[in-house]
Amino acid sequence: MAVTASVDRAAEDRPRARPRRVAALSFWLRHTAPQSEAFLLPALIALAAAVGVLAHFHTVWAQPSMVTLPLLLGGFMLRFTAQLVLLVASALVVVIDALTSHPARPTPGTILLIGATALIVLVMSRERVRLGVRGTRGESMLFDLRERLRAQGQVPRLPEGWHLELALKSAGGQSFAGDFLIAARSDVETLDPEGEFRKGPGRLQLGLVDVSGKGLQAGTRALLLSGAFGGLLGSVPAPQFLASANRYLLRQGWEEGFATAVHLVVDLETGDFECYSAGHPPIAQLAAGAGRWSLCETPGPVLGVLPDAEYKPTRGRLEYGDGLMLFTDGLIEQPGQDLAIGLDRLLGAAGTLQTKGFSGGAARIVDAVARKTNDDRALVLVWRTRPTS
């Protein structure tokens, strides 16, 4: 019998219902709203004119400032040049209303409101022109890209007795972070004593990557790298994964393009593991018999700096009751403090796992040591229990 690995995402990861509603609204704007500017532009100009007429004859229910409504709609559905035409038409509506009203209107506050709204809409539209899309298509594309690449970090189904949890929090509560996890599981065929091949539990490969920078600054690079590294993981031999990732990162030519990473390969039948590191903090191993955590140092150069970098593994074994903890430097770095202090604090928080249990432990540890840290934080727990069957 197999169990599904549980993944504990951060509390600030927005519920999926809200992004889906945003995507649905974006879909409606793209496919239900009329797409022909030959119809849209005259319709919005007519709406602005109707607002002017209502504001002139029904001052209680309408005001000239309501021309901001067609301006906002045009910002979502019109191209930049068409928005300029709509802005001129809206300005004419306001000027005509001012010349024909007694007492004269609009007030300076109304003019300021209309001008500020028009400026904001044009600036946002200009940014969309740079992207080559209009309306909410850019946001929808980015959302779709994030969801597709996030699937790279979904932990595959694990055999009974193996468990994994991930806690991931970004700087400032943003949806995008410079830390990400990629995972892959490969089956292994072995020859039994009877001379027949049988499919074993295979190997689990995990890659925890920390891109330089934090929050949105690093999030765009992390989106690209998570897709590329996710494609490499399991496709190249495990000893070559970090070297291949390093070469890929060097080809990008980014000014601030380095990253740290830890690559863990676990034999799901024997519990033997190999760990490769590229300038990443050490992993921690819990020996259930001794009841304490120890650090597994694995030296290696960061990704994206040296063209001919080599990565050597450290090896160990997970017995029943043992666990491994992978984490990024956002959990141990504090301004003005030595990293050793942060490591001691992290291992101290991890010491509660044996009394409180591993389940939910990843989120508890992150909250205990770096709840208010303004940096990306990621922690992965892998532990092994004795199968019940």
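Rings of Phe, Tyr and Trp are taken to pair if their centres lie within 6.5 Å, with planes over 60 degrees apart counted as edge-to-face. In the present predicted model, Phe180, Phe229, Phe241 and Tyr248 form one aromatic cluster. A search of the whole structure yields 4 aromatic pairs. One of them joins phenylalanine 229 to phenylalanine 241 in an edge-to-face arrangement, with 6.3 Å between centres and 80° between the planes. Phenylalanine 229 belongs to helix α7 (residues 215–232) and phenylalanine 241 to helix α8 (residues 241–252), so this pair ties together parts that are 12 residues apart in sequence. Phenylalanine 229 also pairs edge-to-face with tyrosine 248, at 6.4 Å centre to centre and 75° between the planes. Because tyrosine 248 lies in helix α8 and phenylalanine 229 in helix α7, the pair ties together parts that are 19 residues apart in sequence. Phenylalanine 229 and phenylalanine 241 are both buried, and tyrosine 248 is likewise buried.

An open sheet of 5 strands, paired antiparallel, follows the order β3-β14-β13-β10-β11. Its edge strands, β3 (162–169) and β11 (292–296), each pair on one side only. From one strand to the next, the twist averages 20°. Strands β3 and β14 (residues 377–384) run antiparallel and are joined by 8 bridges; glutamate 165 stands opposite leucine 381 in β14. Helix α9 (residues 339–350) packs on the sheet, touching β10 (283–287), β11, β13 (323–327) and β14, and its direction makes about 140° with that of β13. Helix α11 (residues 361–370) also packs on the sheet, where it touches β3, β13 and β14; the direction of helix α11 makes about 35° with that of β3.

Elsewhere, arginine 384 lies over the face of tyrosine 320, at 4.4 Å from the ring centre.

Note on methods. Residues numbered from 1 in each chain as written. Predicted model: local features only at pLDDT ≥ 70, side-chain atom pairs only at ≥ 80, totals over all residues. Heavy atoms only, no water. Phe/Tyr/Trp six-rings, centres within 6.5 Å; stacked < 30°, edge-to-face > 60°. Helix = DSSP H or I, 4+ residues; strand = E, 2+ residues; numbered from the N terminus. Buried < 20%, exposed > 50% of the residue type's maximum accessible area, 1.4 Å probe, protein only. Lys NZ or Arg CZ within 6 Å of the ring centre and 35° of its normal. Pairing = 2+ DSSP bridges. Axes fitted to C-alpha atoms, helices over the stretch in contact; angles between N-to-C directions. Contact = heavy atoms within 4.5 Å.
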